[in-house]
Amino acid sequence: MRLILDIQKRLLPDLTDVLKKRYTILHHISTTGVVGRRALAAHLELTERVLRSEVDFLKEQGLLVTESSGMKLSEAGRKLLADMEPIVRELLGLSELEETLRERFSLRQVIIVPGDCDQSELAKKELGRAGATALRKYASKDDVVAVAGGSTLAEVADHLTASVQMKGNLFVPARGGLGESVELQANSIASTMAKKTGGQYRLLHVPDHLGEEAYVSLMQDPNILEVVEVIRSARIVVHGIGDAMVMARRRKVDQQTIGELVAEGALAEAFGYYFDRNGKVVHKMPTVGLRLEDIQSTEVVIAVAGGKSKGEAIAAVMKFGHEDVLVTDEAAAAELMKLG
């Protein structure tokens, strides 16, 4: 297929551009469910005249249907979109990029979705869908799955569906709450994943950022200790990756510690650990939940993170070397190629 696509790009470049454009239209409608033509034109940055022409063609082919609330894909449209995906990935060069990054960071698998999560909500939703697909692929019966918090992991949870291999899974939070929006906390995401897949869940009702004395005290509570032991037995961990300074502010870290993080060259945060550009841990927070040694012994670790702004942070965590699967977007992948 690679050879055919290369020939097509050289002899029929216009055809390639048309294919990409029509795929993008179908893909956006698929992701949003139902959308009006004006909203679709604005999102795709197409004139309404150009979009009208494309939509009319797609309707004639039986790929779109129109309702009073907007356009949606027909069954034929959904099937064609699925069939087109591997072809479009080759045209965009994503398959080759995935393999290059997989080898560079010694990963089991790299999955790259089109776009930039910093610029597009659609790209972030697609990142969540790809993260959910990766989790389904690696899950097996009666797994314990530890999940972190954040908006990206919330998207992963939203895209999960019931499946045979995940029905008996137990979902647990990787750590305590950050004090952010309830729906973005690890507890809520673990609960959502369980409900979406027909699995079970356990919650950890403790704050994420603790002083040393409070940490020691909580770890002596038998109920908390029981949940923590379950969390630390997880076979699969799914987590996001944050910019070090952004995460420090979200955790309300004091100015002295922030100064130390800057001096130590902290670029990335994951699980309460801060990494420099070489993947070295330069700081850790006393958190109740997964420790770095637990993650290093976990069978499958899936990182889901995207956006051009997170390129350096993702590279830092990848260089630490405990991930198995990276799910990211095109913009972050381009930054990884510069930094790897």
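A salt bridge here is a side-chain nitrogen of Lys or Arg within 4 Å of a carboxyl oxygen of Asp or Glu. The model is predicted.

**Exercise 1. Test the pair R277 and E312 against the cut-off, then place both residues.**

Step 1. Take the distance. The closest N and O atoms of R277 and E312 are 3.7 Å apart. The limit is 4 Å, so the pair counts as a salt bridge.

Step 2. Place the partners. R277 sits in the loop between strand 10 (273-275) and strand 11 (281-284), and E312 in helix 15 (residues 311-320). The pair links distant parts of the chain, 35 residues apart.

Step 3. Check exposure. R277 has a relative accessible area of 46% and is partly exposed. E312, with 37%, is partly exposed too.

Step 4. Look for a network. Salt bridges that share partners join R232, R291, E293 and D294.

**Exercise 2. Work out what parts of the chain the salt bridge between E54 and K21 ties together.**

Step 1. Start with the count. The rule gives 20 salt bridges. One of them joins the side chains of E54 and K21, at 3.4 Å from N to O.

Step 2. Assign the elements. E54 belongs to helix 4 and K21 to helix 2 (residues 13-32), so the bridge ties together parts that are 33 residues apart in sequence.

Step 3. Classify each partner. Buried means under 20% relative accessible area. E54 is at 7%, so E54 is buried. K21 is at 28%, so K21 is partly exposed.

**Exercise 3. Analyse the salt bridge between D143 and R235 in the same way.**

Step 1. Give the distance. The side chains of D143 and R235 meet at 2.6 Å, N to O.

Step 2. Locate both ends. D143 lies in the loop between helix 7 (121-138) and strand 4 (144-147). R235 lies in the loop between helix 11 (222-231) and strand 7 (236-239). The pair therefore ties together parts that are 92 residues apart in sequence.

Step 3. Classify the ends. D143 has 5% relative accessibility and counts as buried. R235 has 21% and counts as partly exposed.

**Exercise 4. Find the residues of the positive surface patch and the helix that gives the most to the patch.**

Step 1. List the members. R37, R49, R52 and K59 form the patch.

Step 2. Assign the helix. Helix 4 (residues 48-60) gives the most, with three residues. K59 lies in helix 4.

Step 3. Check K59 against the patch rule. Patch residues need over 30% relative accessible area and no salt bridge. K59 has 32% relative accessibility and counts as partly exposed.

**Exercise 5. Decide whether S106 and F271, two residues with positive phi, are buried or exposed.**

Step 1. Recall the background. Most residues other than glycine have a negative phi.

Step 2. Read the angles. Phi of S106 is near 55°, a positive value in a residue other than glycine. F271 is not a glycine either, yet its phi is positive, at about 60°.

Step 3. Place the residues. S106 is in the loop between helix 6 (94-104) and strand 3 (109-113). F271 is in the loop between strand 9 (268-270) and strand 10.

Step 4. Apply the cut-offs. Exposed means over 50% relative accessible area, buried under 20%. S106 has 65%, so S106 is exposed. F271 has 6%, so F271 is buried.

Definitions and conventions
Residues numbered from 1 in each chain as written. Predicted model: local features only at pLDDT ≥ 70, side-chain atom pairs only at ≥ 80, totals over all residues. Heavy atoms only, no water. Patch = residues over 30% accessible without salt bridge, like charges linked within 9 Å, V, L, I, M, F, W, Y side chains within 5 Å. Areas by Shrake-Rupley, 256 points an atom, 1.4 Å probe, with all protein chains shown as cover. Lys, Arg positive; Asp, Glu negative; His and termini not counted. Charge placed at Lys NZ, Arg CZ, Asp CG, Glu CD. Helix = DSSP H or I, 4+ residues; strand = E, 2+ residues; numbered from the N terminus. Buried < 20%, exposed > 50% of the residue type's maximum accessible area, 1.4 Å probe, protein only.
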